[in-house]
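This report describes the fold and the overall dimensions of one protein chain. The structure comes first, and the text follows.

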Amino acid sequence: MNEILKLENLQKSFGTLRVLTDINLTVHQGEVVTVIGASGSGKSTMLRCINLLEEPDSGHIYFENSDLTDLSTNINQLRQDIGMVFQSFNLFPNMNVLDNCTLAPMMIKHISRQEAEEVAKQRLIQVGMKEFIHASTKTLSGGQKQRVAIARALCMNPKIMLFDEPTSALDPEIVGEVLDVMKQLAEEGMTMVVVTHEMTFAKEVSNRVVFMDKGIILEEGTPQEIFTHPKNERTRDFLKRYLEN
């Protein structure tokens with residue numbers, strides 16, 4: 001598999017608080033990498049560093065062999081190929097579903113409204129939102145909003161999708177509808193890095209699971225290795241606490 005993303009010796013602090021320490025991670029094309037760990041372990045900060053929503057203090061981020069931390073790199077160009085889905089949806093409340101999905105392709109890729117709408121409709125159908133194409137986002141449930149957010153990211157035709165705890169703001173009974181969409185994307189070969197507390201998803205869908213603790217990657221491996229034979233004591237303690245809840 002081709003290497004699409006590589007983090008080298010990534011460091012990040014907020015003031016005197018060290019949040020990431022020597023993060024090294026490689027993601028290959030078509031791979032689903034799930035990042036697990038307790039709250040405050042640096043998972044979301046690492047994800048936000050990948051597309052420079054947070055700027056690392058040092059280290060390198062290579063996306064398709066281009067170093068995003070190099071000042072000469074066209075960050076905005078590369079960001080077009082990196083989709084991001086947040087836990088809080090971040091939809092524009094004054095726009096309907098279709099307009100939320102067409103805005104970025106029209107403004108950033110400069111495609112026509114007609115083409116943008118055709119792509120958006122295909123993506124909304126893909127995530128099960130066909131009946132809501134012209135609906136106000138204010139009328140949607142949390143799960144529906146998140147599916148629109150996924151469709152919106154897909155409208156840019158990204159090469160990799162980053163998911164930052166996409167189900168944590170949802171009621172338990174509608175988590176499944178979002179996870180089903182993500183499973184479908186994985187089956188279709190989308191490269192994904194997913195920060196999540198959904199252990200079943202991590203077990204069943206991931207190619208690789210990364211366990212973070214206090215700003216470092218303590219352990220990574222296949223779901224079988226991490227969930228059945230974790231090597232690190234802190235990994236074992238985390239999984240024991242989490243799986244008992």
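The paragraphs below cover the whole chain and then one sheet.

The model is predicted: local features need pLDDT of at least 70, side-chain atom pairs count only at pLDDT 80 or more, and totals for chains, interfaces and linings use all residues. Residues are numbered from 1 along each chain as its sequence is written, and side-chain values use heavy atoms, with hydrogens and water left out.

The protein chain holds 9 helices and 10 strands; these are DSSP runs, numbered from the N terminus (helices: H or I, at least four residues; strands: E, at least two). Its radius of gyration is 18 Å, which agrees with the value near 18 Å for a compact globule of 245 residues. That quantity is taken over C-alpha atoms, and the globule rule is 2.2 Å times the number of residues to the power 0.38.

| Property of the protein chain | Value |
|---|---|
| C-alpha box along the principal axes | roughly 55 × 45 × 35 Å |
| Exposed area (Shrake-Rupley method, 1.4 Å probe) | about 11,900 Å² |

Carbon and sulfur atoms supply 46% of the exposed area. Of the 245 residues, 50% are buried, meaning under 20% relative accessible area (1.4 Å probe, protein chains only). Among contacts (heavy atoms within 4.5 Å) between residues at least 6 apart in sequence, 66% join residues at least 24 apart.

One open sheet has 4 strands in the order β2-β1-β4-β5, paired antiparallel. Because β2 (17–28) and β5 (66–67) stand at the edges with a single partner strand each, one side of each is left without a neighbour in the sheet. Pairing requires at least two DSSP bridges between two strands; β1 (residues 3–14) and β4 (residues 58–63) are joined by 5 bridges. Glu8 stands opposite His60 in β4.
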